[in-house]
Amino acid sequence: MDKKTFNEHVEMFIGKQREMLRFKGKDYQNDTDALSNFKEIAQASGKTPIEVWHILMHKHMTAINNFVRGRELKCESIESRLLDLANFVLLGSALIEDRTTKIPERFFRGKKEMEEIEKDFRKQVTYQVLDEEDGNYDR
């Protein structure tokens, strides 16, 4: 795929991703908290919101793995599953960022180490911006 076609695909995918996130969010969010469904399930199940997120994301990965293994997807297209997975990555990121979400300490070796990992990550991240003139992503 050439760069122009790829960049067009990225824009199309992100547009569909936003649309799906808004559309499905109506069924899963309450009026004030975009992450309420994870928190409500967590409370009912004795899990943490991030554990609930992981379980639900794994469901999407299972369907994608089945597709990769040659099984026919019967309920949703592979594109729909990929959009769901992309949105679950965003939701997981939001849960981690959400200060009301308690993340179990077992996920980290310690608070100081997590702060160092996050600090190092932020140094390494480069943001890409779509250059309107040539249609390519620039750093």
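## Helix packing around H3

Read along the sequence, this protein runs α-α-α-α-α-β-β, which amounts to 5 helices and 2 strands. The model you are looking at is predicted, so please read every value below as computed from that model. Of the 139 residues in the protein, 28% are buried. Among contacts with a separation of 6 or more, 57% join residues 24 or more positions apart.

### H3 itself

A good place to begin is helix H3, which covers residues 49-68. H3 has 20 residues and reaches 29 Å from its first C-alpha to its last, close to the 28 Å expected at 1.5 Å a residue. Its buried residues are Pro49, Ile50, Glu51, Val52, Trp53, Met57, His60, Ala63, Ile64 and Asn66. What do the buried residues of H3 pack against? Their partners are helix H2 (36-45) and H4. After H3 comes glycine 70, with a positive phi near 95°.

### H3 and its two partners

Two packed helices are described by the angle between their axes and the distance between the axes. Here are both pairs side by side.

| Helix pair | Angle between axes | Axis distance |
|---|---|---|
| H3 and H4 | roughly 160° | within 10 Å |
| H2 and H3 | about 105° | 8 Å |

Let us take H3 with H4 (residues 78-97), whose axes cross at roughly 160°. That angle makes H3 roughly antiparallel to H4, because angles over 145 degrees are counted that way. The crossing of these helices is left-handed. On the H3 side, the contact is made by Pro49, Ile50, Trp53, Leu56, Met57, His60, Met61, Ala63, Ile64 and Phe67. H4 answers with Ile78, Arg81, Leu82, Asp84, Leu85, Phe88, Leu91, Gly92, Leu95 and Ile96. Sorted by class, the contact of H3 with H4 has 16 nonpolar, 2 polar and 2 charged residues.

Now for the other pair: the axes of H2 and H3 are 8 Å apart, at an angle of about 105°. This makes H2 roughly perpendicular to H3, because that term is used for angles of 65 to 115 degrees. From H2, the residues involved are Phe38, Lys39, Ile41, Ala42 and Ser45. They meet Pro49, Val52, Trp53 and Leu56 in H3. The residues of this contact of H2 with H3 divide into 7 nonpolar, 1 polar and 1 charged.

Pro49, Trp53 and Leu56 of H3 are worth finding on your screen: they take part in the contact with H4 and also in the contact with H2. Pro49 and Trp53 are among the buried residues of H3 as well.

### What surrounds H2

Which residues of H2 are buried? They are Ser36, Asn37, Phe38, Lys39 and Ala42. What covers them includes helix H1 (3-28), H3 and H4. H2 is followed by glycine 46, whose phi is positive, near 80°.

### A residue to look at in H4

Glutamate 79 is found in helix H4. Is glutamate 79 buried or exposed? At 30% relative accessibility, glutamate 79 counts as partly exposed, because that class lies between 20% and 50%. Leaving aside neighbours within four places in sequence, glutamate 79 is in contact with Met12 and Lys16. Glutamate 79 and lysine 16 are 63 residues apart along the chain, and their C-alpha atoms are separated by 9.8 Å.

Terms used
Residues numbered from 1 in each chain as written. Predicted model: local features only at pLDDT ≥ 70, side-chain atom pairs only at ≥ 80, totals over all residues. Heavy atoms only, no water. Axes fitted to C-alpha atoms, helices over the stretch in contact; angles between N-to-C directions. Helix = DSSP H or I, 4+ residues; strand = E, 2+ residues; numbered from the N terminus. Parallel < 35°, antiparallel > 145°, perpendicular 65-115°, else oblique. Left-handed = near helix turned anticlockwise from the far one by under 90°. Contact = heavy atoms within 4.5 Å. Nonpolar A, V, L, I, M, F, W, Y, C, P; charged D, E, K, R; others polar. Expected span 1.5 Å × (residues − 1). Buried < 20%, exposed > 50% of the residue type's maximum accessible area, 1.4 Å probe, protein only.
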